[in-house]
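The exercises below are intended for a reader meeting this structure for the first time. Please attempt each task before reading its solution.

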Amino acid sequence: FPSHDTATTDSAAQLTIAVNAETNATATTTADASLSYTVNAETTATATTTVDAQITRTIEASANATATTSVEAGVGVTFVASNTANGSVTNAELFRTATLESSINANGTTTANVLRTATLAASLNGAATLTTSTLTVITNTVSVDYLVVAGGGGGGHGNGGGGGGAGGLLTSIGSSSITFNKGTTYTITVGDGGAGQVFGGATSQNGNDSVISGTGLTTITAIGGGAGKYNANGNSGGSGGGGGASTKTGGTGTSGQGNPGGNGGGTFATGGGGGGADQAGANGATNNGGNGGNGKEININGTATYYAGGGGGGSDIRNSSPSGGSAGNGNAGAGSATGAGTAGTANKGGGGGGSGYDNFTLFTGGAGGKGVVIIRSTVDITNSADYSGGSRTTSGIYYIFTFNGSGSIKFS
């Protein structure tokens with residue numbers, strides 16, 4: 001039909017009937033088609049029909065067109081809406097197969113009963129909806145949030161040992177989720193805390209890294225916390241360990257994961273506080289060990305919890321009214337002036353406290369706390385064999401997978 005023309009028919013066609021409208025034209029029919037029926041609307045055209053099609057009906061709307069039908073299709077209906085087109089199938093029963101596609105800001109809808117198969121596709125900001133029928137969407141990926149905390153560093157021994165640095169902390173909470181591929185096994189490594197320093201024996205140790213790794217994923221690695229030291233500079237790590245004695249500096253932290261440890265100080269030596277995930281460790285004062293830096297408060301499992309605080313620095317009984325530095329918020333260990341440093345809490349990644357000196361005894365530094373890995377998703381695992389080394393809980397719409405030790409997880 002040429003531009004601006006109108007073609008109408010009310011006749012019956014026993015085999016096939018096609019109505020095409022192009023370039024501002026209008027084509028209408030009230031005829032019956034016993035075998036097939038095709039309606040095409042292109043370039044701001046409108047095509048309508050109220051007929052029955054016993055075998056196949058095809059309705060296409062392109063380039064700002066509108067195509068509508070209120071008919072029954074005995075075997076199949078294909079509906080395509082493209083290029084900001086609108087189209088609907090109303091009060092029609094689709095006895096065999098219905099295909100609805102909407103592309104490029106198009107809308108395709110149906111309120112029909114679909115008795116066999118329904119396919120809906122929406123592309124490029126399009127919307128495709130189906131009512132009075134069930135649509136199952138299958139995806140190959142799962143969106144997850146994570147918290148990865150490494151093991152905390154051990155504290156230095158007295159007199160005036162530096163506090164251990166917190167394990168590095170990485171999380172998607174407050175930023176962007178990551179994507180796991182279904183069918184891929186992801187390996188979880190949870191770092192142990194570092195040992196505290198023993199007088200006349202083993203030196204203090206950094207904490208161990210915690211890691212999420214798997215095919216197609218950029219490996220997520222939280223760096224173990226730096227060890228606090230006696231009469232030496234603190235080690236670098238996720239957060240830096242505190243320096244021991246008056247001239248020793250704290251270790252550096254890893255960017256995006258933690259902060260530096262404090263410097264040593266004091267007349268008879270006080271240790272610097274270990275760095276925390278949210279704050280640097282304080283320098284040792286004249287008589288008191290430096291406080292550990294605060295950790296971060298994270299709510300990934302339904303409970304807001306502090307992780308990765310720095311250990312407090314130790315002191316020396318010969319100082320005036322001495323005290324060890326306090327542990328930073330984040331379940332770290334406190335320093336001591338007259339005893340051993342306190343260990344960091346397990347699975348919180350805090351640094352161990354520096355120890356003190358009393359009656360010619362140099363006490364042992366506190367051990368760093370073990371790390372943790374937590375994964376959160378709105379999708380549950382479907383096979384218990386696909387999950388090892390952790391525990392599963394729920395919070396609201398989320399499934400929480402907590403790894404206090406190393407393991408693995410796979411979504412199916």
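Two strands are said to pair if DSSP finds at least two bridges between them. The model used throughout is a predicted one.

**Exercise 1. Determine which strands pair with β16, and in which sense.**

Solution.
Step 1. Begin with β17: three bridges join this strand to β16, and the two run antiparallel. Within β17, L170 stands opposite V148.
Step 2. Turn to β18, residues 178-181, which pairs with β16 in the antiparallel sense over four bridges. Here I178 stands opposite V144.
Step 3. Consider β26, residues 372-377, which is also antiparallel to β16, with six bridges between them. The bridge partner of D145 in β26 is R376.
Step 4. Examine how covered the strand is: seven of the nine residues of β16 are buried, which leaves it mostly covered.

**Exercise 2. Describe the contacts of R376, and state whether R376 is buried or exposed.**

Solution.
Step 1. Side chains of opposite charge can pair when their charged atoms come close. R376 forms a salt bridge with D145, the closest N and O atoms being 3.0 Å apart.
Step 2. Locate the partners along the chain: D145 belongs to strand β16 and R376 to strand β26, so that the pair links distant parts of the chain, 231 residues apart.
Step 3. Apply the cut-off for burial, which is under 20% relative accessible area. R376 is buried because its relative accessible area is 13%, and D145 is buried because its value is 10%.
Step 4. Add the ring contact: the charged end of R376 sits over the ring of Y398, 4.0 Å from the ring centre.

**Exercise 3. Compare the settings of the salt bridges D380 to R392 and K410 to D386.**

Solution.
Step 1. Place both pairs in the total: a search of the whole structure finds five salt bridges, including these.
Step 2. In the bridge between D380 and R392, the closest N and O atoms are 2.8 Å apart. D380 lies in the loop between β26 and β27 and R392 in strand β28, so the pair ties together parts twelve residues apart in sequence. D380 is partly exposed at 22% relative accessibility, and R392 is partly exposed at 39%.
Step 3. In the bridge between K410 and D386, the closest N and O atoms are 3.7 Å apart. K410 is in the segment after β30 and D386 in the loop between β26 and β27, 24 residues apart. K410 is partly exposed at 23%, whereas D386 counts as buried at 12%.

**Exercise 4. Classify the aromatic pairs F180 with Y186 and Y387 with F401.**

Solution.
Step 1. A pair of aromatic rings is described by the distance of the centres and the angle of the planes. The whole structure contains six aromatic pairs.
Step 2. For F180 and Y186, the centres are 3.9 Å apart with 10° between the planes, and the pair is stacked. Both F180 and Y186 are buried.
Step 3. For Y387 and F401, the centres are 5.2 Å apart and the planes stand at 70°, so the pair is edge-to-face. Y387 in strand β27 and F401 in strand β29 are 14 residues apart, and both are buried.
Step 4. Join the pairs: ring pairs link F180, Y186, Y387, F401, F403 and F411 into a cluster.

Note on methods:
Residues are numbered from 1 along each chain as its sequence is written. This is a predicted model: local features need pLDDT of at least 70, side-chain atom pairs count only at pLDDT 80 or more; totals for chains, interfaces and linings use all residues. Side-chain values use heavy atoms; hydrogens and water are left out. Rings of Phe, Tyr and Trp (its six-membered ring) pair if their centres lie within 6.5 Å; planes under 30 degrees apart count as stacked, over 60 as edge-to-face and the rest as tilted. Buried means under 20% relative accessible area, exposed over 50%, partly exposed in between (1.4 Å probe, protein chains only). A charge sits over a ring if NZ of Lys or CZ of Arg is within 6 Å of the ring centre and within 35 degrees of the ring normal. A salt bridge is a side-chain nitrogen of Lys or Arg within 4 Å of a carboxyl oxygen of Asp or Glu.
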